[in-house]
Amino acid sequence: MPLRFGDNVSTAETDYGTVLLDEHAGEYWELNPTATLVVRTLLAGGEESEAAAALVREFDIDQDQALQDVETLVRQLRGSGLAS
């Protein structure tokens, strides 16, 4: 399922990934380059399997591990209330 950040979340890309600001809680989250690639793919309307395939292409990791990493990240973003 594509990802969508809440209206209370601001994003800024840096040289080291992406920073998320939860404006309601006043908390920052830092995403590394792999998480940034996943988030970009999902925000563009891609599915989790497409985000995992992007990780495999970019970072030469195992497909099963990539999918597990994507699912974990999405679960954490949704569980924190940053994304739906």
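These legends accompany close-up views of a predicted model.

**View 1. Three strands come together in an open sheet.**
Let's start with the sheet. The strands follow the order S1-S2-S3, and their pairing is antiparallel. From one strand to the next, the twist averages 20 degrees. Strand S1 (9-14) and strand S3 (27-31) are the edge strands; each has a single partner strand, so one side of each has no neighbour in the sheet.

**View 2. S1 pairs with strand S2 in the antiparallel sense.**
Here we zoom in on one pairing. Six bridges join S1 to strand S2, which covers residues 17-22. If you would like a pair to look for, try Thr11: its bridge partner in S2 is Leu20.

**View 3. Helix H1 lies across the sheet strands S1, S2 and S3.**
Now for the helix that meets these strands. H1 spans residues 33-43. Relative to S3, H1 runs at about 95 degrees.

**View 4. Helices H1 and H3 pack against each other.**
Two packed helices are described by the angle between their axes and the distance between the axes. For H1 and helix H3 (residues 63-79), the angle is about 75 degrees and the axes are 11 Å apart. Angles of 65 to 115 degrees count as roughly perpendicular, and H1 and H3 are therefore roughly perpendicular to each other. On the H1 side, the contact is made by Ala35, Val38, Val39 and Leu42. H3 contributes Val70, Leu73, Val74 and Leu77. What kinds of residue make up the contact of H1 with H3? Eight are nonpolar, with no polar and no charged residues in the contact.

**View 5. A salt bridge joins Glu13 and Arg40.**
The structure holds two salt bridges, and this view takes in one of them. The side chains of Glu13 and Arg40 meet at 2.6 Å, N to O. This pair links distant parts of the chain, since Glu13 sits in strand S1 and Arg40 in helix H1, 27 residues apart. Is Arg40 buried or exposed? Arg40 falls in between: a relative accessible area of 43% makes this residue partly exposed, because the partly exposed class lies between the buried limit of 20% and the exposed limit of 50%.

**View 6. Asp7 and Arg4 form a salt bridge.**
Our last stop is another charged pair. The side chains of Asp7 and Arg4 come together at 3.6 Å, N to O. Both Asp7 and Arg4 are exposed, whereas Arg40 of the previous view is partly exposed.

How values were computed:
Residues numbered from 1 in each chain as written. Predicted model: local features only at pLDDT ≥ 70, side-chain atom pairs only at ≥ 80, totals over all residues. Heavy atoms only, no water. Axes fitted to C-alpha atoms, helices over the stretch in contact; angles between N-to-C directions. Helix = DSSP H or I, 4+ residues; strand = E, 2+ residues; numbered from the N terminus. Parallel < 35°, antiparallel > 145°, perpendicular 65-115°, else oblique. Contact = heavy atoms within 4.5 Å. Nonpolar A, V, L, I, M, F, W, Y, C, P; charged D, E, K, R; others polar. Pairing = 2+ DSSP bridges. Salt bridge = Lys/Arg side-chain N within 4 Å of Asp/Glu carboxyl O. Buried < 20%, exposed > 50% of the residue type's maximum accessible area, 1.4 Å probe, protein only.
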